[in-house]
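Here is a short report for a newcomer. Look over the chain first, then read on.

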Amino acid sequence: MFDAIGGNTLSRSPDTLAQLGRVVTIVDIAQPQNPVQAWGKNASYHFVFTRQNRGKLDELSALVDRGQLRPHVGSGLCAC
């Protein structure tokens, strides 16, 4: 799951995760979150801290809308 919305998304994310699921968020966390339910699914959370830039996000959205950028969704299994 990729979180670019914020709010209570992290707390609600375990409802949508599969076993060994991953959550990646680029949103500043304004208030504490409690994703304790994700422990039962062995989920991992990744936080990417970036500077907010509406222009770049709009450019990325336009690329997706035109079909020039397609997110790759894998099996979630890593052969690391």
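## A buried polar pair

Which side chains does a polar contact of 2.9 Å join? They are the side chains of T25 and D3. This is a predicted model, and the report reads it as such.

D3 lies in strand β1, which covers residues 2–3. T25 sits in strand β2, residues 22–25. D3 has a relative accessible area of 3%, so D3 is buried, the cut-off being under 20%. T25 is also at 3% relative accessibility and counts as buried.

## Around the pair

What does D3 touch, once neighbours within four places in sequence are left aside? The residues are T9, L10, V24, T25, I26 and V27. T25, with its own neighbours within four places set aside, is in contact with D3, L10, H46, F47 and V48. L10 appears in the contacts of D3, and L10 appears in the contacts of T25.

One further distance helps place D3. The C-alpha atoms of D3 and S13 are separated by 9.0 Å. These two residues are ten apart along the chain.

## The overall plan

Now step back to the whole chain. The protein chain has two helices and three strands. Read from the N terminus, the order is β-α-β-β-α. The chain holds 80 residues, and buried residues make up 16% of them.

Consider contacts between residues at least 6 apart in sequence. Of these, 32% join residues at least 24 apart. The chain exposes about 6,500 Å². Carbon and sulfur atoms supply 56% of that area.

## How confident is the model?

The mean pLDDT of the protein chain is 75. Residues that reach 70 or more make up 72% of the chain. Where pLDDT is low, the predicted coordinates should not be read in detail.

Which element has the lowest mean pLDDT, and which the highest? Helix α1, residues 9–12, has the lowest, at 75. Helix α2 has the highest, at 88.

## From the loop to strand β3

L20 lies in the loop between α1 and β2. L20 is not a glycine, yet it has a positive phi of about 60 degrees. Is L20 buried, partly exposed or exposed? Its relative accessible area is 46%, so L20 is partly exposed, between the cut-offs of 20% and 50%.

S44 belongs to strand β3, residues 44–47. S44 counts as partly exposed, at 25% relative accessibility. Which residues does S44 touch, not counting those up to four places away in sequence? They are G21, R22 and V23. G21 is 23 residues from S44 along the chain, but the C-alpha atoms of the two are separated by 6.5 Å.

## A salt bridge in helix α2

How many salt bridges does the structure hold? The structure holds one. The side chains of D58 and R54 meet in it, at 3.0 Å from N to O. Side chains of opposite charge can pair when their charged atoms come close.

Both D58 and R54 lie in helix α2. They are four residues apart, about one turn of the helix. The two partners differ in exposure class. R54 has a relative accessible area of 63%, so R54 is exposed, the cut-off being over 50%. D58 is partly exposed, with a relative accessible area of 38%.

## A nonpolar patch

Which residues make the nonpolar surface patch of about 320 Å²? L57, L60, V64 and L69 make it. V64 is placed in helix α2, which spans residues 54–65.

Why can V64 be part of a patch? Patch residues need over 30% relative accessible area, and V64 is partly exposed at 41%, so V64 passes that cut-off.

## In brief

Three sites are worth finding again in the view. One is the 2.9 Å polar contact between the side chains of T25 and D3. Another is the salt bridge between D58 and R54. The last is the nonpolar surface patch of L57, L60, V64 and L69.

How values were computed: Residues numbered from 1 in each chain as written. Heavy atoms only, no water. Patch = residues over 30% accessible without salt bridge, like charges linked within 9 Å, V, L, I, M, F, W, Y side chains within 5 Å. Areas by Shrake-Rupley, 256 points an atom, 1.4 Å probe, with all protein chains shown as cover. Salt bridge = Lys/Arg side-chain N within 4 Å of Asp/Glu carboxyl O. Buried < 20%, exposed > 50% of the residue type's maximum accessible area, 1.4 Å probe, protein only. Contact = heavy atoms within 4.5 Å. pLDDT = per-residue confidence, 0-100. Polar contact = N/O pair within 3.5 Å; in protein donor to acceptor, adjacent residues only side chain to side chain.
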